[in-house]
Amino acid sequence: QMLLEQNGLDPTTSADEVLSDPQHSVLVIVGQLSRAIHPRIIESFCESGGAVLMASDLRYSAGRICEFGLGPVTSVRSRNWYQSHNDCLELTDLNREHPLTPGVNSVVVNRSGWLESPRWFATEPEVAARLPERCVPTDASGKPVIATLTLNQRGSGPMIIAGDQSLFTNGMLWHGDNAILAINVSRMLCEGQRSRLLFIADRVKLGSYENSPLLNNPPPMPLPENMPE
């Protein structure tokens with residue numbers, strides 16, 4: 001949220017203000033996706049030039065965008081575990097040619113979900129990072145966890161989808177190259193003449209990060225769940 005605002009976006013809590021001006025707007029929806037904004041409205045916004053980030057580890061059918069698989073994903077192989085935790089995985093199966101991966105050698109996810117193709121009108125995603133093979137549930141093995149979509153070849157804005165919203169939380173930015181990934185994500189979302197930001201977390205529309213009560217009284221930096229202090 002801070003990166004997006006520092007890249008010149010003015011936050012608003014008005015969905016109408018953002019959705020009515022897609023070419024100058026960014027829409028971020030993380031956590032609980034259901035009953036936030038209908039997937040068809042998101043598709044139309046992006047097809048008309050809007051920039052979108054959707055990230056969640058909860059099961060959700062996002063229309064023609066994708067299906068979000070329910071976490072937590074664990075790995076059978078200890079070599080994929082981050083700091084010895086089987087539900088906190090270090091991803092190294094990255095697409096080095098993807099615009100989100102410059103400078104990124106590994107991504108750490110915490111109790112992640114995954115991404116599946118939509119049930120109809122599938123648009124082939126450009127995958128940036130995949131989960132390892134031999135995961136539990138088995139449906140998650142080798143599946144994308146970070147990807148981009150082009151919904152409309154002419155005039156479409158960037159659509160970034162992720163199966164783990166914790167990638168963009170304060171505590172997880174310090175692990176692997178998650179901070180570099182977040183910078184790359186913010187740059188992609190802010191490309192062009194964008195000036196407005198609607199940021200929705202768990203169905204709550206957020207104002208500026210500068211008004212957050214955590215800004216001047218930050219809590220101790222959390223570690224991923226189940227990690228030792």
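Two strands count as paired here if DSSP finds at least two bridges between them. Keep that cut-off handy for the exercises on this predicted model.

**Exercise 1.** Work out how many bridges join β7 to β8, and which way the two strands run.

*Solution.* Start with the cut-off: pairing takes at least two bridges. Two bridges link β7 to β8 (residues 85–91), so the pair qualifies. The two strands run antiparallel. For a specific contact point, look at Trp-81, whose bridge partner in β8 is Leu-89.

**Exercise 2.** Place β7 in its sheet and find the edge strands.

*Solution.* First get the order: the open sheet has three strands, β7-β8-β9, with antiparallel pairing. Then check the ends: β7 (81–82) and β9 (107–110) each pair on one side only, and these are the edge strands. For context, the whole protein has 16 strands along with four helices.

**Exercise 3.** Test the radius of gyration against what a compact globule would give.

*Solution.* Take the chain length, 229 residues; a compact globule of that length would come out near 17 Å. The protein has 17 Å, which agrees. Next, the box: along the principal axes, the C-alpha atoms fill roughly 50 × 45 × 30 Å.

**Exercise 4.** Describe burial, surface and contacts in numbers.

*Solution.* Burial comes to 49% of the 229 residues, with under 20% relative accessible area as the cut-off. The exposed surface is about 11,200 Å², and carbon and sulfur atoms supply 48% of it. Finally, take contacts between residues at least 6 apart in sequence: 68% of them join residues at least 24 apart.

Note on methods. Residues numbered from 1 in each chain as written. Predicted model: local features only at pLDDT ≥ 70, side-chain atom pairs only at ≥ 80, totals over all residues. Heavy atoms only, no water. Rg over C-alpha atoms; globule rule 2.2 N^0.38 Å. Buried < 20%, exposed > 50% of the residue type's maximum accessible area, 1.4 Å probe, protein only. Contact = heavy atoms within 4.5 Å. Areas by Shrake-Rupley, 256 points an atom, 1.4 Å probe, with all protein chains shown as cover.
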